[in-house]
Amino acid sequence: MTHRSLSVCALLATLAAGAVAIRADFQSAMNAAMGPYYAALIASERGDAESTQRNLVMLSARWDRVAREEPPAALKADPAWRAAVDRGAAIITRCQELVRARNLTTLHYELEGLRLVLRQVRGKHSLLVLDDWLTDYHESMERVYVRASMHNEIVLADADYAEMTKDLSRAKSLWAIVEREARAIASTPGWPEGARRLAAAQADLDTLLARRDPAAIARGAGQLKEAYHELLVALSRASRD
């Protein structure tokens, strides 16, 4: 994913600018699609082909509804939105082929691209929603995780620790926005506990980065990623349709 270096102030300014009314029926269709999307994403990450296939079938049907609903005026006037919807349908079809072939690694990679496609076009029109802020959070969290995971292959230098610290700081700023945007689902089973676990994992990783213990940092980054995955599981179970 492309790194977007945004300060806390810039993030909050973008959030304020994104407070644009979105058609209720359109947003309902999008929310309904994202439940099985997250469920398929996590199932593929965990190697569960049956669950992945089941949720992809549901996602395909709900994506058809997204395509039928009238989007906000700004998206409707932008050819990039229709291209994004078509691209999403193509990704889903490709993932259904991959699950039949039991190629879950490639499937997961392909499926990750769907939310980035949506985030880019919605961000262009300041129409960001919870799913987009989670996408941004995922990017910063993954940057820390990937670099930390390399400790057995390379000697982490000062620049590596500085980058991980910067990316974790950005992730924490984004997490504050995610919490604000997630107020409507804050009582969803699994979300409160998952949110507390994620916040604790972020704090622990902050401490570990200051100590510069590569193996401990890698474990801490792994725990943060798992906490994030548990939140997506809770999100997939939310009543979003």
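In which handedness of crossing, left-handed or right-handed, does α3 pass α5? In this predicted model, α3 passes α5 in a left-handed crossing. The chain that holds these two elements has ten helices and zero strands, and the points below begin with the whole chain before turning to the helix pair and to two individual residues.

**The chain as a whole**

- Read from the N terminus on, the elements follow the order α-α-α-α-α-α-α-α-α-α, in keeping with a count of ten helices and zero strands.
- Of the 241 residues in the chain, 49% are buried.
- When contacts between residues at least 6 apart in sequence are considered, 77% of them join residues that are at least 24 apart.

**How α3 and α5 pack**

- Two packed helices are described by the angle between their axes and by the distance between those axes.
- For helix α3, which spans residues 49–68, and helix α5, which spans residues 79–100, the axes come within 10 Å and cross at roughly 160 degrees.
- Angles over 145 degrees count as roughly antiparallel, and α3 and α5 are therefore roughly antiparallel to each other.
- On the α3 side, the residues that meet α5 are Ala 49, Thr 52, Gln 53, Leu 56, Val 57, Leu 59, Ser 60, Trp 63 and Ala 67.
- On the α5 side, the residues that meet α3 are Arg 82, Ala 84, Val 85, Gly 88, Ala 89, Ile 92, Cys 95, Gln 96, Val 99 and Arg 100.
- Sorted by character, the residues of this contact of α3 with α5 comprise twelve nonpolar, five polar and two charged.

**Arg 115 in α6**

- Arg 115 belongs to helix α6, which covers residues 104–124, and because its relative accessibility is 2%, Arg 115 counts as buried.
- The side chain of Arg 115 forms a polar contact with the side chain of Glu 112, at 2.9 Å.
- Once its neighbours within four places in sequence are set aside, Arg 115 is in contact with Tyr 37, Tyr 38, Leu 41, Leu 134, Thr 135, His 138, Tyr 228 and Leu 232.

**Ser 236 in α10**

- Ser 236 is part of helix α10, which runs over residues 214–237, and the side chain of Ser 236 reaches the backbone oxygen of Val 233 at 2.7 Å.
- Leaving out its neighbours within four places in sequence, Ser 236 is in contact with Gly 35, Tyr 38 and Ala 39.
- Tyr 38 is thus listed among the contacts of Ser 236 and also among the contacts of Arg 115.

Definitions and conventions. Residues are numbered from 1 along each chain as its sequence is written. This is a predicted model: local features need pLDDT of at least 70, side-chain atom pairs count only at pLDDT 80 or more; totals for chains, interfaces and linings use all residues. Side-chain values use heavy atoms; hydrogens and water are left out. Axes are lines fitted to C-alpha atoms, for helices over the stretch in contact, and angles run from 0 to 180 degrees between N-to-C directions. Helices (H or I, at least four residues) and strands (E, at least two) are DSSP runs, numbered from the N terminus. Angles under 35 degrees count as roughly parallel, over 145 as roughly antiparallel, 65 to 115 as roughly perpendicular and the rest as oblique. A crossing is left-handed if the near helix is turned anticlockwise from the far one by less than a right angle, and right-handed if clockwise. Contact means heavy atoms within 4.5 Å. Ala, Val, Leu, Ile, Met, Phe, Trp, Tyr, Cys and Pro count as nonpolar, Asp, Glu, Lys and Arg as charged, and the others, Gly among them, as polar. A polar contact is a pair of N or O atoms within 3.5 Å; within protein, one must be able to donate a hydrogen and the other to accept it, and residues adjacent in sequence count only if both atoms are side-chain atoms. Buried means under 20% relative accessible area, exposed over 50%, partly exposed in between (1.4 Å probe, protein chains only).
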